[in-house]
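User: Please take a close look at a single helix of this model and at the sheet beside it. I should like one connected account of how the two are arranged.

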Amino acid sequence: MLFRSPSAMCDWEDIQAMFDGAVLKDEAKDKYISADIALKGRDRFVVGSWSGLKCTVEIDKKKNDGFDVMKDLYSISDKYGILRSRTIVDSVGVGSFISGFMKGIVEFRSDHSSFSGRYSRLKDECAFKLADLIKRREIKIVCNSVQREEISKELSVLCIDNLQVDTQKKKIIGKE
């Protein structure tokens, strides 16, 4: 039996259902790209193509240079006919340089204010919404077994900060 923290946002079974045929609403005609940019170091450059709430991990690399990042994003965009305006990149850290070279892409700034104002940051709001989709089994991820293990591990430690406090904005516990 797995230990489950009261502050955990997702059950292990729900996380696994994302990979094993989670129930999906009709896939959207609109397609998107999301990318977490990393060049060198401990982080990875990961790109997903989306059709509705189905994400296929297209790229997962450890080391890159800026030119390769742009080349890879263009390649996926061309492969699926996805507009730059439907491509979002994590622009905190090294990802911030991409929008200067790839005009029209959307920058995701996780440290900005949330849309609703009920969350500490945009990152927190997105985490709560992702956890809700996972619990309702409305999201699917297509990836290899190594990626599945890493994604499962990261989502299993996604926890609410200050579980007992109702007056503060909602937030998650940091990566550390």
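Analyst: Helices, of type H or I with at least four residues, and strands, E with at least two, are DSSP runs numbered from the N terminus. On that basis, the model, which is a predicted one, has G81 placed just after helix α2, with a positive phi of about 65°.

Helix α2 itself covers residues 66-80. The expected span is 1.5 Å times one less than the number of residues, so the 15 residues of α2 should span 21 Å, and the 22 Å between its end C-alpha atoms agrees with this. At the N-terminal end, D65 acts as the cap of α2: one of its side-chain oxygens lies 3.1 Å from the backbone nitrogen of F67.

The two sides of the helix can be told apart by burial. Buried in α2 are G66, V69, M70, D72, L73, I76 and S77. Viewed down the axis of α2, these buried residues fall within an arc of 160°, and therefore they line one face of the helix. F67, D78 and K79, on the other side of α2, are exposed. The packing partners of the buried residues are strands β1 (31-36), β2, β3 and β4 (87-90), together with helix α3 (98-101).

The strands among these partners belong to an open sheet of six strands, in the order β5-β4-β1-β2-β3-β6 and with mixed pairing. Its edges are formed by β5 (106-108) and β6 (140-142), each of which pairs on one side only. On average, neighbouring strands of this sheet are turned by 25° against each other, direction ignored. Towards one edge, β3 (residues 54-61) runs parallel to β6, and three bridges join the two. Here K54 stands opposite K140 in β6.

One residue of the sheet links several of these elements. S49 lies in strand β2 (residues 45-51). Its relative accessibility is 8%; because buried means under 20%, S49 counts as buried. The side chain of S49 makes a polar contact, at 2.7 Å, with the side chain of E58. Leaving aside residues up to four places away in sequence, S49 touches Y32, K54, C55, T56, E58, I76 and Y80. Among these, I76 is one of the buried residues of α2, and K54 is the residue that stands opposite K140 in β6.

Conventions
Residues are numbered from 1 along each chain as its sequence is written. This is a predicted model: local features need pLDDT of at least 70, side-chain atom pairs count only at pLDDT 80 or more; totals for chains, interfaces and linings use all residues. Side-chain values use heavy atoms; hydrogens and water are left out. Two strands pair if DSSP finds at least two bridges between them. Axes are lines fitted to C-alpha atoms, for helices over the stretch in contact, and angles run from 0 to 180 degrees between N-to-C directions. Buried means under 20% relative accessible area, exposed over 50%, partly exposed in between (1.4 Å probe, protein chains only). A polar contact is a pair of N or O atoms within 3.5 Å; within protein, one must be able to donate a hydrogen and the other to accept it, and residues adjacent in sequence count only if both atoms are side-chain atoms. Contact means heavy atoms within 4.5 Å. The arc is that of the directions from the helix axis to the C-beta atoms.
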